[in-house]
Amino acid sequence: MSLFKARDWWSTILGEKEEFDQGCLCVADVDNSGSGQDKVIVGSYKGYLRIFNPHPVKPGDEVQPEDLLLEVQLREPILQVEVGKFVSGTEGLHLAVLHCRKLCVYAVSGTQGNVEHGNQYQIKLMYEHNLQRTACNMTYGPFGGVKGRDLICIQSMDGMLMLFEQESYAFGRFLPGFLLPGPLAYSSRTDSFITVSSCQQVESYKYQVLAFATDADERQDTEQQKLSSGKRLAVDWVLNIGEQALDICVVSFNQGVSSVFVLGERNFFCLKDNGQIQFMKKLDYSPSCFIPYCSVQEGTINTLIANHSKMLNVYQDVTLKWAAQLPCIPVSVKVANFQDLKGVIVTLSDDGHLQCSYLGTDPSLFQAPKVDSREINYEEMNAEMKELQKIIREATKTQDVLPESEKQRDVTVTAEVSPDLDEESQAIDSEVKAGAVPSVTVKITIQSRVTAQKPNLAVCVQAPLAVTCDQFVFGDLEPDSSETVVLSVFLKENCCPSELEGTCMVSYNIPTELNPEGIPRVAQCNFSLPLKLICFPAQPSKAANHKLTIDTNKPPVSFVTIFPDFVDPSEGDQANALGFEFLTGSKTTLLASKTSQRYRIQSDQLEDLWLVTKELIHRLEVHFKKQTCKDFACTFSGSIPLQEYFELIDRHFELRLNAEKFQELLSERAVQFRAIERRLLTRFKDKTPAPLQHLDTLLEGTFREALQLAGGIYDLHRV
């Protein structure tokens, strides 16, 4: 363990439960500001793209809101982000984002802000390429020696190199003997691509050889390849390193020499551009990522190597020059320049810990004061201790979790769900086949402490639930005023929901001196719907196809106590079986053991077990919480019903395939119907009457088939 730690200059935590990997971090002047100050670009597997401009007042300060220049959620996971000259007609820098099946190139720009929030940044999609194969990683550079622009090469999961000349697709080539994708880099000095194959070999392929090789889209069998006009893909040089590689980096700090750095699982290699080993270093730890950078000593190269022991090691060639402790295990490391501070180390962990740090030791300016040698007065010390304890107790009683200004929000929204169902159902256009579809009233109140402009209320419930009205528009709210709306929730489609939760969201504007039109704000709250909205009491069933047993550490509770809305009070404490019949027609039975601390939920359909199980656990927790029991716990010791779950997935997938098939057939019948219509119209407009040749019969048959296919698609979507 190192005596020194990497000094925290700026750090933040990205999102919640997001995942990051090696290609998710990039540093560059992506907005072309011309100041030479780098921006930090981060993409996550959840599809979030963030751009930061760190500028703390002093090292270690908290993150300021203006440090985040841009945050946008894309629709697909982000595998890699790179910055280069990717747009034709300009040498400005653009941002390339690699998704699983898509490559997007964006322009990042900023506009001067007129309010206290500062400048505003946005991204504009310049072009995109839809990929036919699943991507793994990419590299870029002036392929073929082009000037003033960068081309992009993407490696797919099945070993194909897809090359793009900016807005157009150039060609694709398959790597020979491919099994699994490895790291990929481009050497501009030799105009070649360097990767590490599954044979644990570093391989180099010339760009010109790739360009004249057989097209991957026309790849044939081995015997037929010999007769093909194109050349077979040949490797330029090969080096066996005997281990898998984590990353490859090609650096050229002077015009005459370039080096290829390969980080293996246990060794660190530096190769010449012809494949010869320049030097190697055996590592006594498990590395996670690395980055070479320029050294102040001529003829040497410095390298940062991070490992899984949260250490950052600095090497000058093979000599260890410095070691520092990091707060987390980085999966990517870069070197950037910020605010005239050059050489800032930017690290990113797999759980989103982004840190900008520097090496060195900050001297401690604290000096311990001299202790006066005097006798201890125990009575004074006891009196002082009691006084301090009294102050601590008083402070603990009055201390709030949040500051007063944060706790008292400008606008608050609350939702109150009626404990009883509506006497007269408010269900509208419900597709449920049950005789009467119940509804429940939800009362929503909006309270404002300040002037709120243009308040809009949106109420969301998860399908198949629906509300009588989901959008409300109000006039401007005055200080200390409120608005109340009443709506009803009911089951609209003939299937069970996955949850009985709803959300109320109010959007409004708060005017300020600098921005009289108002700054947009949002307030929201959640509400829970009763179980009796979608089911009603029924006779318990003894037999069922699917069963689930919940173990508890407390004696079983009578259903009269925890399910008073489903059990007749006349049954007393003897009710140990309870039946639920959903509005869709399916039934679920809940059983309580008389001798053990167990509950059993059973049903003929696997998906019907969830809501009853969730409601049971929730009501048990509420019951024991009222009895001040803190150690109550529910456990499940049985096997997870994965087979039944996979069968539901297979059934859903089969329905999706059938729906696509019906859609294709319906499109064909629609084309056929229009063609017959055109021919009939031509016959009818002809001055000379001619026989229809059964076109009317064919039109009628096509119409019936189209109706049947449309009905089949409708039925599939209702399943």
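Here is a chat between a visitor and a guide about a predicted model, looking at its helices, sheets, hollows and a few odd spots.

Visitor: What makes α7 roughly antiparallel to α8?

Guide: Look at the angle: α7 and α8 pack at about 155°, with their axes 9 Å apart. Angles over 145 degrees count as roughly antiparallel. The angle of α7 and α8 falls in that class, so α7 is called roughly antiparallel to α8.

Visitor: Which hand does the crossing of α7 and α8 have?

Guide: α7 passes α8 in a left-handed crossing. As for who takes part, the contact of α7 with α8 has 17 nonpolar, five polar and six charged residues.

Visitor: Which helices supply residues to the lining of the second largest pocket?

Guide: α6 (609-626), α7 (642-685) and α8 (695-718) each supply at least two residues. α7 gives the most, with eight. The pocket has a volume of about 1000 Å³, and 27 residues line it. Nearest its centre lie Cys-495, Cys-496, Gln-605, Glu-607 and Leu-648.

Visitor: How do the residues of that pocket's lining divide into nonpolar, polar and charged?

Guide: There are 15 nonpolar, seven polar and five charged residues in the lining of the second largest pocket. Cys counts as nonpolar, Gln as polar and Glu as charged.

Visitor: Why is a hollow called a cavity and not a pocket?

Guide: It comes down to the way out: in a cavity a 1.4 Å probe fits but cannot get out, whereas a pocket is open. A search of the whole structure finds one cavity of 30 Å³ or more. The largest cavity has a volume of about 60 Å³. It is lined by 14 residues, and the closest to its centre are Leu-175, Phe-178, Thr-195, Ser-197 and Glu-203.

Visitor: Which strands supply residues to the lining of the largest cavity?

Guide: β15 (192-196) and β16 (201-206) each supply at least two. By class, the lining of the largest cavity has seven nonpolar, six polar and one charged residues.

Visitor: On to the sheets. Why do β6 and β9 stand at the edges?

Guide: Start with the order, β6-β7-β8-β9, in an open sheet of four strands with antiparallel pairing. β6 (80-84) and β9 (120-130) each have a single partner strand, so one side of each is left without a neighbour in the sheet. From one strand to the next, the twist averages 25°.

Visitor: How do you know that β6 and β7 pair?

Guide: Two strands pair if there are at least two bridges between them. Five bridges join β6 to β7 (residues 94-98), and the two run antiparallel. One place to look is Glu-82, whose bridge partner in β7 is Ala-96.

Visitor: What makes β22 and β25 edge strands?

Guide: This is another open sheet of four strands, in the order β22-β23-β24-β25, with antiparallel pairing. β22 (287-294) and β25 (319-325) have a single partner strand each, so one side of each has no neighbour in the sheet. Here the twist averages 20° from one strand to the next. Within this sheet, five bridges join β23 (residues 301-307) to β24 (residues 311-316). Ala-306, for instance, has Leu-312 as its bridge partner in β24.

Visitor: How many bridges join β31 to β35, and how many join β31 to β33?

Guide: Seven bridges join β31 (residues 453-461) to β35 (residues 501-510), running antiparallel. Three bridges join β31 to β33 (residues 471-473), also antiparallel. The cut-off for pairing is at least two bridges, so each of these counts as a pair. In β35 the bridge partner of Cys-460 is Thr-503, while in β33 the bridge partner of Ala-458 is Gln-471.

Visitor: What makes the bond between Ala-463 and Pro-464 worth a look?

Guide: Most peptide bonds are trans. The one joining Ala-463 and Pro-464 is cis, with omega at about 15°. You'll find Pro-464 in the loop between β31 and β32 (465-467).

Visitor: And what about the phi of Asn-32?

Guide: Most residues other than glycine have a negative phi. Asn-32 is not a glycine, yet its phi is positive, about 55°. Asn-32 sits in the loop between β2 (25-28) and β3 (39-43).

Definitions and conventions:
Residues are numbered from 1 along each chain as its sequence is written. This is a predicted model: local features need pLDDT of at least 70, side-chain atom pairs count only at pLDDT 80 or more; totals for chains, interfaces and linings use all residues. Side-chain values use heavy atoms; hydrogens and water are left out. On a 1 Å grid over the protein atoms alone, a cavity is a set of points where a 1.4 Å probe fits but cannot get out, and a pocket is an open set with protein on both sides within 12 Å along at least five of seven lines; lining residues have an atom within 4 Å of a point. Grid points are joined across faces, edges and corners, and a volume is the space filled by probe spheres set on the points. Axes are lines fitted to C-alpha atoms, for helices over the stretch in contact, and angles run from 0 to 180 degrees between N-to-C directions. Angles under 35 degrees count as roughly parallel, over 145 as roughly antiparallel, 65 to 115 as roughly perpendicular and the rest as oblique. A crossing is left-handed if the near helix is turned anticlockwise from the far one by less than a right angle, and right-handed if clockwise.
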